[in-house]
Every structure is written in structure tokens, then in C-alpha cells.
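Trainee: I have the sequence and the model open. Can we go through the labels and check what each one rests on?

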Amino acid sequence: RPGLTLLVQAVPFGDGQKMIVSRDISQLEKLETMRRDFIANVSHELRTPLTVVIGFLETLIDGHEDLEPAEAMRYLRLAFEQSCRMQFLIEDLLTLSALETGAPAAAEEKIVVGPLLADIACDTELLSGGRHDVSLVVAGGSEGAVLLGSGKELRSAFANLASNAVRYTPDGGQIRLIWQRVGGGAEFAVEDTGIGIEARHLPRLTERFYRVDRGRSRETGGTGLGLAIVKHILSRHDAQLHIESEYGKGSRFSARFPAARLARDRSAVRN
Ligand code: ADP
């Protein structure tokens, strides 16, 4: 079978006899490859900005007598931006690691959806700085909807999807944040009229460090870990991430929650 790795060992037993034991270690090998790739990716992602920071600092140290103050300030600012990039990456790595090592299921706070989405819409508008038309659409009987889960995690997942919409939608585009009932459950969706994604990339978007366009992701402050974090958070809430996109037209990312994650009771609500 392709991809099958067997570990075959001769194990002594009894009076000098040997038993042949074979073990399927394909899964272990796959994990080991994933671990190695991950470390290589993290090292690469950190090394690139660090090289830039060291380069600018060296120029400042070596040329401090000749550099114009404005030029020196430009180097400092660039070194600062790259340092921030490293900080975002480390924060995202810590978030992923905390999600992986934490309790398997998310906390069960009662989160009133309305105010949470209004906050996300407000943050999205601020982030977009008036460059996009941002709207919040609440449809399909969401009045008083309450989600069961971790407020902190869900806020971070929804904000992540909304900030991606801002980052991958050119100025003047539209971003819609939607909450609606779907079947017995409900979904939070972010629709944008942005650059869109070719179909061949869709299955890999939630892999760590997978980006369609590395340059664009970096330019807009991306770490390549956002959707991996979103997927993780959603699976802790028994929810699924659905991605639809048309290249050049826009995308729709939605988090679908099953009925069991919805409550109508607003008592003991926390937001
Ligand atoms: P990044 O930090 O690079 O944005 P993410 O994990 O959030 O990482 O997203 C992975 C990739 O998916 C991005 O690099 C980008 O290519 C693509 N992507 C995510 N959201 C959108 C969107 N709304 N429109 C177009 N492409 C997107």
C-alpha cells in the first residue's frame, strides 16, 4: 500500500527463539514529517524578519555618523515593523499551542450573539479605516440568539475572518458580516468582494503557513496561521468552517454551529 511504513523487529522469547513482530508506523512517520515541516516553517518565518532587523541595525551602527536623521529614522521604523511581525507570529504560535494543549472542548459560557457581532462589525469598520463598506446583516430569527462556548475564542475566530476580509479586499469593496439560522443550527459568515481564491487552493487554506500569495499576506501583516487557529477554535465548538470563493470576485467564509451549541435562555449571560 502506498505510504505504508512497517517496522519489522526480531524479538527474543523463550529458549533462544525469536519472534518476528511487524508494526505499522505510517501514522508516526506522518506526524514526524509534519513536526519537521512545522519547525522548518517557523524557523524560516522568524529568520526572514530577523535578518532584515539585523541588517538595518548594522547599517545604523556602522553608519551612525554619516546617516541623515530622516534616513536613520526610516531604518528604525522598518526594523520596528519587522519586529512587530515576529511578535504577531509568536503570539499566533502561542495561541495555537494553547488551543492544542488545553482542554479538548471549549468552555460553555452563554454568549449573546447580537452584541458580539456588533463589536466585531465595529472593529472591522475601524480596521478598514473607511476604505470598505462594512455591514452587519442579521437574518433568520437570530433575535436573542445565544451561543454556548468560549467568548474569548469565538471573538478571536470571528475577528480573524473579518480582518482577513479587510486585508484581502481592495479599497471600496464590500464586507458583510452575517448571522443566520441554517437548518437547526446557525452560521456566522463573512462575505467580501475581494480578490477571491482559486478553487485549487481552497482545501489547503487552513494548513499552517499556507498562503495563496506569500507577499500579499506579509504586506498586510499576515502570519499564515489565522485560518489554522480559526479551524481549531471552531472544531472545539463542534462547528465547521465552510469556504466558498470565486477568483477575482470575492469570498465567503462561514462558521456553522450545530443546534446543540445554541441556547435560547439568556440567563447567566456573559459578553
Ligand atoms: P494570513 O495571515 O496569510 O492571512 P490565514 O491563515 O488567515 O493567513 O489565511 C491563509 C490564506 O488564505 C491567506 O494567505 C490568503 O491567501 C487566503 N485568504 C484568507 N482569507 C481570504 C479572503 N477573505 N480573501 C482572499 N484570500 C483569503
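Mentor: Start with D238. It is partly exposed, with a relative accessible area of 49%. Keep in mind that this is a predicted model.

Trainee: Why is D238 called partly exposed?

Mentor: Exposed needs over 50%, and buried needs under 20%. D238 has 49%, so it falls in between and counts as partly exposed. D238 sits in the loop between α6 (226–236) and β8. Its phi is near 55°, a positive value in a residue other than glycine.

Trainee: What is the phi of F209, and where is F209 found?

Mentor: Phi of F209 is near 70°, again positive in a residue other than glycine. F209 belongs to the loop between β7 and α5 (214–219).

Trainee: Is F209 buried or exposed?

Mentor: Buried. Its relative accessible area is 3%, and the limit for buried is under 20%.

Trainee: Now the rings. How many aromatic pairs does the structure hold?

Mentor: Five. Take F56 and Y75 as one of them.

Trainee: What makes the pair of F56 and Y75 stacked?

Mentor: Two values decide. The centres are 5.3 Å apart, and a pair needs them within 6.5 Å. The planes stand at 25°, and stacked means under 30 degrees. Both tests are met, so the pair is stacked.

Trainee: What parts does the pair of F56 and Y75 tie together?

Mentor: F56 lies in helix α1 (residues 26–62) and Y75 in helix α2 (residues 69–101), so the pair joins parts that are 19 residues apart in sequence. Y75 has 13% relative accessibility, so it counts as buried.

Trainee: Why is the pair of W179 and F257 called tilted?

Mentor: The centres are 6.4 Å apart, which is within the 6.5 Å limit. The planes are at 35°. Stacked needs under 30 degrees and edge-to-face over 60. An angle of 35° meets neither, so the pair is tilted. W179 is in strand β6 and F257 in strand β9, 78 residues apart. Both W179 and F257 are buried.

Trainee: Which residues do ring pairs link into a cluster?

Mentor: F158, W179, F188 and F257.

Trainee: How do you know that F158 is buried?

Mentor: Its relative accessible area is 1%, against a limit of under 20%. F158 lies in helix α4. Leaving out residues up to four places away in sequence, F158 touches L116, L117, I120, L147, F188, A255 and F257.

Trainee: How does α4 pack with α3?

Mentor: Helix α3 (residues 113–128) and helix α4 (residues 151–167) meet at an angle of about 35°, with axes 10 Å apart. The crossing of α3 past α4 is right-handed. On α3 the contact includes L116, L117 and I120; on α4 it includes F158, A159 and A162. By class, the contact residues are eight nonpolar, three polar and two charged.

Trainee: What makes β4 and β8 edge strands?

Mentor: Each pairs on one side only. They belong to an open sheet of five strands, in the order β4-β6-β7-β9-β8, with mixed pairing. β4 spans 133–138 and β8 spans 240–246. The twist averages 15° from one strand to the next.

Trainee: How do you know that β8 and β9 pair?

Mentor: Pairing needs at least two bridges. Seven bridges join β8 to strand β9 (residues 250–257), and the two run antiparallel. E246 stands opposite G250 in β9.

Trainee: Which strands of that sheet do α3 and α4 lie across?

Mentor: α3 lies across β4, β6 (174–182) and β7 (185–192), at about 170° to β4. α4 lies across β6, β7, β8 and β9, at about 25° to β7.

Trainee: Why are β3 and β10 at the edges of the three-strand sheet?

Mentor: The order is β3-β5-β10, with antiparallel pairing. β3 (109–112) and β10 (262–263) each have a single partner strand, so one side of each has no neighbour in the sheet. β3 and strand β5 (residues 146–149) share four bridges, against the required at least two. V112 stands opposite V146 in β5. α3 packs on this sheet too, touching β3 and β5, and its direction makes about 65° with that of β3.

Notes
Residues are numbered from 1 along each chain as its sequence is written. This is a predicted model: local features need pLDDT of at least 70, side-chain atom pairs count only at pLDDT 80 or more; totals for chains, interfaces and linings use all residues. Side-chain values use heavy atoms; hydrogens and water are left out. Axes are lines fitted to C-alpha atoms, for helices over the stretch in contact, and angles run from 0 to 180 degrees between N-to-C directions. A crossing is left-handed if the near helix is turned anticlockwise from the far one by less than a right angle, and right-handed if clockwise. Contact means heavy atoms within 4.5 Å. Ala, Val, Leu, Ile, Met, Phe, Trp, Tyr, Cys and Pro count as nonpolar, Asp, Glu, Lys and Arg as charged, and the others, Gly among them, as polar. Rings of Phe, Tyr and Trp (its six-membered ring) pair if their centres lie within 6.5 Å; planes under 30 degrees apart count as stacked, over 60 as edge-to-face and the rest as tilted. Buried means under 20% relative accessible area, exposed over 50%, partly exposed in between (1.4 Å probe, protein chains only).
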